Amino acid sequence: MSSGTEHEDRFRRVYAANFEPLLAYAMRRVEQPEDAADVVAETFLVAWRRSREMPPEPEVRLWLHGVARRVLANHHRGGLRRGRLGERLRQRLRAAVTVDPGSEVPERLTMQAALARLGELDREVLTLTFWEGLEPREVATVLHVSPAAVRTRLSRARARLRDLVGDDLGPPGHVLDVMAAQAPEEGR
Amino acid sequence: MTDEHLDRMVRDADPYRPDVITHLDGAAQTLLEEIMSTPTLEPAAEPPGTQSRRRVVSRLASASVAAAVLAVVLGVSVVNSDQPGGGGASPGTGATSSGATGPVSYSAMVLKAAEESPRLLIDQPGWKATTVYGFAEEEGTIAFRNEERELAMNWYPAGQYDGYRQDRLHVSKPEPVKVDGWAGELFRYSASDFAVMLRPRDGSFVELRTGGDWTRDEFDRVLAHVVRVDARTWLAALPAEIVTPGRVDEQAAKVLADVPLPPGFDAAALGTLGTNDAYQFGARVTSRVGCGWIAEWLRAKQAGDDAALKRAGDALRSSHSWKVLHQMNDEGDWPEVFWETADKVAAGESFAGYRDALGCE
């Protein structure tokens with residue numbers, strides 16, 4: 001087997017194992033579902049081109065998340081170009097995701113709005129923990145901070161989040177400003 | 001509300017719907033094949049956009065990049081030999097809307113570094129340099145913006161030219177162009193996205209890359225106005241927001257206005273930082289301040305000098321009110337990392353990794 005084929009086989013394995021986690025990561029953090037296609041395409045393109053830097057497979061997901069985080073930040077600043085890649089995925093996402101705002105549970109919207117109001121690092125620590133299901137050590141790898149810093153920040157972020165949602169989640173049926181769910185500062 | 005309740009609510013608020021994966025009709029496989037049909041050449045992995053490069057750098061806080069960058073910058077000793085003549089003539093309006101007035105002196109090192117950089121400007125009204133980074137290094141970026149359009153100029157060591165070119169040959173067929181009389185090749189990423197790689201000269205080569213929506217005609221028109229200028233003109237043409245060596249003292253005074261300085265801090269040495277935008281300048285200056293106070297804290301701790309220890313701790317904690325860090329906070333993570341590191345040291349909790357975190361020498 002040539003090294004080229006090994007290299008390709010490895011990339012296919014990494015792609016297959018990580019496509020959905022990365023798609024989910026991107027879709028959770030973009031305003032329009034189809035924009036997730038650009039983020040996923042760019043992330044895997046970087047991975048393909050930098051595959052020599054890619055860590056062994058147990059760690060590769062975290063490495064990809066780190067890449068995706070930078071790609072996403074670039075997207076939020078308007079710096080990510082719609083590339084040549086991923087057009088079909090973009091079309092499918094646009095078609096597949098039809099959100100009926102009326103079907104959203106108010107509690108979820110309240111929480112999403114509160115998360116959007118947190119600082120970027122606080123929000124990332126919480127969402128990587130509870131949406132991506134990463135351990136503090138893994139969150140630390142993605143964010144390039146120490147695990148101790150993640151634990152400290154997690155408890156601080158919880159406290160802030162509790163303050164933010166505390167009042168709003170009191171009486172049931174409380175209506176919130178849905179538009180606040182996507183904060184412009186997301187990419188910072 | 002308990003932590004468990006809160007955590008469950010966060011989990012429940014996850015906007016991702018797993019069923020989306022069943023509606024992709026092979027689009028994931030198509031993307032895989034598209035990606036694997038592109039070249040894997042390592043040098044090309046660097047995203048050409050200046051924004052992404054800048055972002056990486058602005059995260060220097062948490063990476064050893066900072067240390068390397070600072071080491072390169074500081075590896076050059078500076079002789080502040082004032083040069084007569086000053087700023088030189090601006091080649092036009094637009095990018096050359098300099099805020100600097102009067103003669104400006106540049107150190108020999110700064111002029112030498114400018115000589116070694118591509119020194120390209122857009123001699124057309126409306127263009128303004130917004131991002132400058134890496135001026136004192138082999139690689140660098142300068143980005144010009146005109147409303148929604150951006151033109152980034154990235155330069156790299158000449159030795160990487162062949163590798164980059166091989167990669168770009170997969171982007172499109174090259175088309176010969178000239179920029180201020182110098183030969184290059186134009187590559188077309190899409191109908192609105194172009195790049196021009198110039199042939200190497202003086203040890204480096206430049207790639208110009210569009211950002212935002214361009215037409216080919218617009219790109220050609222702007223290319224016709226890209227000019228190469230001498231070092232003094234180039235420095236003088238950068239807008240007031242860019243911290244050129246001539247503006248270091250003034251900007252340093254602003255940055256340091258409410259910042260306590262550690263013992264032995266040499267503000268005059270900030271002239272070695274080259275040319276940076278305000279964010280990068282702020283990061284580099286506060287890096288030196290932070291590193292200085294941490295070194296002082298460690299010294300005082302070892303010496304049992306309680307008064308100095310308290311002074312250093314207070315100084316580090318005071319970073320939460322430094323105006324410069326608050327101004328930078330919208331642009332990147334440097335302030336967050338600075339505060340976290342400073343707090344840990346001031347609390348006597350942890351010193352591991354502070355050098356990497358703050359880019360201490």
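In which sense, left-handed or right-handed, does α2(A) cross α4(A)? Thanks for coming, everyone; let's take that one straight away. The crossing is right-handed. Please keep in mind that this is a predicted model.

So, the geometry. A general word to begin: a pair of packed helices is described by the angle between the axes and the distance between them. Here, helix α2 of chain A, residues 35-49, meets helix α4 of chain A, residues 87-96, at about 145°, and the axes are 8 Å apart. On the α2(A) side, the contact is made by A:A36, A:A37, A:V40 and A:A41, and α4(A) brings A:L89, A:R90 and A:L93. Sorted by class, that gives six nonpolar residues, one charged and no polar ones.

Now let's stay with α4(A). Its buried residues include A:L89, A:R90, A:R92 and A:L93. Why do they sit on the same side of the helix? Because they cover an arc of only 165° around the axis. And what covers them? Part of the answer is α2 of chain A, together with α2 of chain B, residues 27-36.

That brings us to the other chain. The contact between the chains takes 49 residues from chain A and 46 from chain B. On the chain B side, the elements that each supply at least two residues are α1 (3-12), α2, α3 (50-58), β6 (182-190) and α13 (334-346). Of these, α2(B) gives the most, with eight residues. By class, the side of chain B that touches chain A has 21 nonpolar, 14 charged and eleven polar residues.

That's my tour; happy to chat over coffee!

Methods:
Residues numbered from 1 in each chain as written. Chains lettered and ligands numbered in written order. Predicted model: local features only at pLDDT ≥ 70, side-chain atom pairs only at ≥ 80, totals over all residues. Axes fitted to C-alpha atoms, helices over the stretch in contact; angles between N-to-C directions. Helix = DSSP H or I, 4+ residues; strand = E, 2+ residues; numbered from the N terminus. Left-handed = near helix turned anticlockwise from the far one by under 90°. Contact = placed C-beta atoms within 7 Å. Nonpolar A, V, L, I, M, F, W, Y, C, P; charged D, E, K, R; others polar. Buried ≥ 20, exposed ≤ 12 C-beta atoms within 10 Å, placed from the backbone. Arc of directions from axis to C-beta.
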